[in-house]
Amino acid sequence: MKSASVFIVLFFTVYLSAQMWSEFQKVLPSDGASSEEFGRSVSISGDYAVIGAYKDNDNGFESGSAYIFYWNGSEWIEQAKLIASDGAAGDKFGMGVAISGDYVVIGAFLDDDNGTDSGSGYIFYRNGTNWTEQAKMLASDGTIDDKFGIAVDISGDYIFIGATGCDGPISTDSGATYVFKRNGTNWLEHQKLTPSEPADDGVFGKSVSISNDYAVIGGWGDDDNGVASGSAYIFINNNNTWTEQVKILPDDGATDDLFGRSVDIFGDYVVVGAYGDDDNGSVSGSAYVFIRNDTIWTQQAKLIASDGAAFDAFGWSVAIYDDFVVCGAVMNHDNGQSSGSAYVFQRTGTIWTEQVNLLSSDGAV
């Protein structure tokens with residue numbers, strides 16, 4: 001990561017007929033400054049994108065912010081900068097961001113309303129070109145060090161907010177994920193989800209993703225395949241109640257793989273990152289694709305970079321859409337030490353094939 005400089009986001013376009021991906025645009029915040037880490041979190045829905053800058057200082061040192069960008073038909077332009085109405089130093093608003101339609105949810109995982117570093121989440125609503133804070137969400141049982149808001153996602157009337165520091169009845173930092181449901185203009189806590197097999201330092205809720213009536217929640221600290229091997233849980237919405245359907249593990253999981261550090265779901269497919277995997281060298285990383293058949297989720301593929309190397313951290317971030325998966329390799333060295341890259345895989349039938357390694361045109365150490 002470039003912790004000493006402003007993060008950027010690069011948009012790529014794909015030409016399916018030629019199977020080529022081309023860099024389209026580099027976006028920067030209009031008021032960006034050193035060390036704000038713009039780009040730490042990103043989410044896109046239709047013609048809108050939200051980009052977090054969790055170390056922005058507008059409400060105090062590292063209070064955080066997020067930016068809305070709008071696609072005007074030819075380019076992405078900044079439309080709004082979002083900050084919390086009650087933001088304070090150290091809140092880190094913008095660590096997690098998600099957008100769906102006219103709603104944006106932003107996590108501030110070190111907010112102190114329920115105690116030091118208990119965390120919070122904010123909802124913003126779009127009316128025309130204006131984005132207005134609609135609600136602040138807190139866990140009903142929140143307490144110190146819960147880190148509520150470290151990961152967020154939104155789909156339809158539901159918001160999922162991870163709280164990795166939440167303790168179980170007999171476990172420490174096993175983690176939880178809170179579900180909020182919209183009722184008119186109000187967002188109300190609907191459920192608290194915990195893993196069926198809570199473990200100390202399991203950090204369930206480090207990553208969350210929703211697609212219609214299914215959700216996936218990662219817990220990279222789980223120990224089923226060795227210490228910090230990691231796991232992920234699939235939840236299903238049955239009549240407005242989310243219940244655990246299955247716990248998924250990789251076929252070859254091992255100690256310190258950190259499976260579940262990143263997750264994403266699209267339709268019947270789930271992708272889970274394991275950036276600590278060692279197939280291409282220590283912490284080279286990998287990602288796994290699972291497919292659903294009725295109530296059964298089966299591992300379909302393990303993805304690794306064709307040119308992967310030690311400490312690339314491939315799988316630090318993952319995303320899936322249609323027949324494509326993209327995996328971030330945040331420490332890749334192709335543009336210099338820890339310059340980073342992202343790999344695109346495409347599915348044909350049941351086979352996932354690496355298509356390209358994306359590099360920024362102006363990437364640097």
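Student: How many aromatic pairs does a search of the whole structure find?

Tutor: The search turns up 25 aromatic pairs. Bear in mind that this is a predicted model. One of the pairs is Y48 with Y70, a tilted arrangement with 5.0 Å centre to centre and 40 degrees between the planes. Y48 belongs to strand β4 and Y70 to strand β5, so this pair links distant parts of the chain, 22 residues apart.

Student: Are those two rings buried or exposed?

Tutor: Buried means under 20% relative accessible area, and over 50% means exposed. Y48, at 10%, is therefore buried, whereas Y70, at 27%, is partly exposed.

Student: And what makes the pair of Y214 and W297 edge-to-face?

Tutor: Look at the angle: planes over 60 degrees apart count as edge-to-face. The planes of Y214 and W297 stand at 70 degrees, with the ring centres 6.0 Å apart, so the pair falls in that class. Y214 sits in strand β16 and W297 in strand β22, so the pair ties together parts that are 83 residues apart in sequence. Y214 is buried at 13%, and W297 is buried at 9%. Elsewhere, ring pairs join F24, W71 and W76 into a cluster.

Student: Let's go back to β5. How should I read a strand like that?

Tutor: In a regular strand, side chains alternate between the two faces of the sheet. For β5, residues 65–71, start with burial: five of its seven residues are buried, so the rest of the structure largely encloses this strand.

Student: Which strands pair with β5?

Tutor: β4 (residues 48–53) runs antiparallel to β5 and is joined to it by six bridges; V50 has I68 as its bridge partner there. β6 (residues 76–82) also pairs with β5 in the antiparallel sense, over six bridges, and Y67 stands opposite K81. β5 and β6 make a hairpin with four residues between them, and G73 in the turn has a positive phi of about 110 degrees.

Student: How many disulfides does the structure hold?

Tutor: Zero. As for individual cysteines, C166 is buried at 5% relative accessible area, and C327 is buried at 0%.

Student: Where is N332, and what does its side chain reach?

Tutor: N332 lies in the loop between β24 and β25, yet it counts as buried at 1% relative accessibility. Its side chain reaches the backbone nitrogen of D334 at 2.8 Å. Beyond its neighbours within four places in sequence, N332 contacts several residues, including D312, Y343 and N357.

Student: What pLDDT does the chain average?

Tutor: The average is 95, and 95% of the residues score at least 70. Over residues 1–6, however, the pLDDT is below 50.

Notes
Residues are numbered from 1 along each chain as its sequence is written. This is a predicted model: local features need pLDDT of at least 70, side-chain atom pairs count only at pLDDT 80 or more; totals for chains, interfaces and linings use all residues. Side-chain values use heavy atoms; hydrogens and water are left out. Buried means under 20% relative accessible area, exposed over 50%, partly exposed in between (1.4 Å probe, protein chains only). Helices (H or I, at least four residues) and strands (E, at least two) are DSSP runs, numbered from the N terminus. Two strands pair if DSSP finds at least two bridges between them. A disulfide is a pair of cysteine sulfur atoms within 2.5 Å. pLDDT is the predictor's confidence in each residue, from 0 to 100. Contact means heavy atoms within 4.5 Å. A polar contact is a pair of N or O atoms within 3.5 Å; within protein, one must be able to donate a hydrogen and the other to accept it, and residues adjacent in sequence count only if both atoms are side-chain atoms. Rings of Phe, Tyr and Trp (its six-membered ring) pair if their centres lie within 6.5 Å; planes under 30 degrees apart count as stacked, over 60 as edge-to-face and the rest as tilted.
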